[in-house]
Amino acid sequence: MEGKRLEYRGEEALKELEKFTAKADEVQENILKEIIARNCETEYLKKYMGGSKDVLEFKQSVPVITYKDIHPYIQRIANGEDSSLISGHPITEMLCSSGTSGGEPKMMPSIAEDLNRRTFLYNLIMPIMNQYIPGLDEGKAMFLYFVKAEMSTPCGLPARAVLTSYYKSKNFRCRVRDAFNDFTSPDQAILCTDSNQSMYCQLLAGLVHRHQVLRLGAVFASALLRAISFLERHWVHLCNDIRTGHLDSSITDPECRSSMSTILSSPNPHLADEIEEICSHPSWKGMLSQLWPRAKYIEAVITGSMAQYIPSLEYYSGGKLPLVCTMYASSECYFGVNMKPLCDPADVAFTLLPNMCYFEFIPLGENGTLLMDMDEEKGVPKEKLVDLVHVRLGCYYELVVTTFAGLNRYRIGDVLQVTGFHNRAPQFRFICRRNVVLSIDNDKTNEEDLHRSITMAKKLLEPYNALLVEYTSYADTSSLPGHYVLYWEITHCISTDSPTPLDSKVLEECCIAVEEELDYIYRRCRTHDKSVGPLEIRLVQPGTFEDLMDLFISQGGSINQYKTPRCIKSSNALKLLDSNVEASFFSPRDPRWIP
């Protein structure tokens, strides 16, 4: 596959896109044949196909799986067994997904050529953008990219986030230095594993080049907002660096200091005064447009759980900069691109690229619920799956992929809706992650995990003859960092003894007890990354949840089928709950987290 380096490939890239999508059915058939031919002798596929290379045999015999089904094979490879357990090519690294299994990050197998597939997709972005916004080669991009410290599996394979893998690769580091890939951030700052030093240097570089910046962004909307919050706290120091031409002494990373010495080549008091005047305003509404006046758009993931950050981005940009979401990807595989990047954020749809992997889809109901009456853990009937070119407009599906690296009919867990077609390739709107209730950053908490955590925490109420009557939750992103909010209605049990007062310390301990039971990724975001704030319990008045039920029933719900929603998204429902809050309590400390 072409695209071994990040570079601007213009019309050539768009022609390849047209070729692949025009023959999506043929490309998909060939992709599956190639995957089976490569991997048919693996232990996993031989168990179901006996070494056959037949596509029909694959579809009839190979089951649809979740991570728990493939995890034993992945763990064996991580422990030192041969890649041939699942892949005909050597597994070169394990990519740590933000999703979890048993409270630990999922490890996704990756082979060397996967990097070229990811780069192929990246190389499509600028040619697509160029069709809508001219002149992007006349300035720089201030994209805030970060890496995380990587680990190793017991046998020595790198275990790291997919973006860390990409930014450390030759495809990125040895990219062609063209006008369309001219970043303000030096690579050394991007590759610094100290997120604070990396953030400081990248923002400083962006401010130095403020009159050349045409594009702003980060991978996720939450990361860009964290950068804005960081800038609010540190702009005085950043201005001082620009004014004096010397990097702050708090930056100790040698590579960062070396790379920034070129950018801070001399004092620039005039530039420092410009930035100081802007940042010292009491309101930061429209701040991004003022600091980077030539910026034409903001690029970040704003779909799914990231959509909650759109109002904040619009506030900081003053509504002047389009929000652009360019691509759809995961640790398992990169999937597709947005062919209409200037569309409204609510209308973002991705064209799945048929050369990335083999795509299949589980049909879902009109509201994203399963059509089939079955237990999700018991598996999906193989005959129900639909291939890429046979999905139907307007219908909902769950995405299933078969990859070169050894994932066979693997459920990604994303719910998608078909919104159109580009040639023969369908375009999908991302609806949600299946069964994710709360998410602020990389954390993904489902209803089961939330219920289990609260069940453990509410035991702390028992000595006080207090009973948790009902609860719901909300991901509050009105301040940075965002945090989980739990609404609790508590009643005191009838007892002959005088009830022991329920003081604030008990509720604070309930907060931390919930957090201690949440998964590894949540606790890392809270304790290490600081991208999620302390959990909050808001105590509501007795009868509040009955009022909540009345509200939903008044809006057309059925009293026979009503269930208290475990996560609130309705603004009216939130208003009702908040109007009944008697007191609120926060976790007094960080939950335990061990790298």
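Okay, one bit of vocabulary before we start: when I say strand, I mean a DSSP run of E, at least two residues long, numbered from the N terminus. Keep in mind too that this is a predicted model.

So, with strands in hand, go to β14, residues 396–402, and β15, residues 410–422; arginine 409 sits in the loop between those two. What is the sign of phi at arginine 409? Positive, about 55°, and this isn't a glycine. For background, most residues other than glycine have a negative phi. Now, is arginine 409 buried or exposed? The cut-off for buried is under 20% relative accessible area, and arginine 409 comes in at 1%, so it counts as buried.

Next stop, another loop. Between β19, which is 466–476, and β20, which is 483–492, you'll find proline 481. Have a look at the peptide bond leading into that proline from leucine 480: it's cis, with omega near -10°. Again as background, most peptide bonds are trans.

Right, on to helix α18, residues 520–529. How many of its 10 residues are buried? Seven, so the helix is largely enclosed by the rest of the structure. Going along, the buried ones are Tyr520, Ile521, Tyr522, Arg523, Arg524, Cys525 and Arg526. Yes, you heard three arginines in there: Arg523, Arg524 and Arg526.

Both ends of α18 are worth a look. At the N-terminal end there's a cap from aspartate 519, with a side-chain oxygen 3.2 Å from the backbone nitrogen of isoleucine 521. Just after the helix comes lysine 530, with a positive phi of about 60°. That's another non-glycine residue with a positive value. Lysine 530 belongs to the loop between α18 and β21, the strand at 536–540. What about its accessibility? Lysine 530 is at 45%, so it counts as partly exposed.

Last topic, the cysteines. How many disulfides do we get? Zero, with the sulfur-to-sulfur cut-off set at 2.5 Å. Take cysteine 174: the nearest cysteine sulfur belongs to cysteine 256, and it's 19 Å away. Cysteine 525, back in our helix, is in no disulfide either; its nearest cysteine sulfur is that of cysteine 96, 14 Å off. As for their surroundings, cysteine 174 is partly exposed at 40% relative accessibility, whereas cysteine 525 is buried, at 0%.

That's my tour, thanks.

Definitions and conventions
Residues are numbered from 1 along each chain as its sequence is written. This is a predicted model: local features need pLDDT of at least 70, side-chain atom pairs count only at pLDDT 80 or more; totals for chains, interfaces and linings use all residues. Side-chain values use heavy atoms; hydrogens and water are left out. Buried means under 20% relative accessible area, exposed over 50%, partly exposed in between (1.4 Å probe, protein chains only). Helices (H or I, at least four residues) and strands (E, at least two) are DSSP runs, numbered from the N terminus. A polar contact is a pair of N or O atoms within 3.5 Å; within protein, one must be able to donate a hydrogen and the other to accept it, and residues adjacent in sequence count only if both atoms are side-chain atoms.
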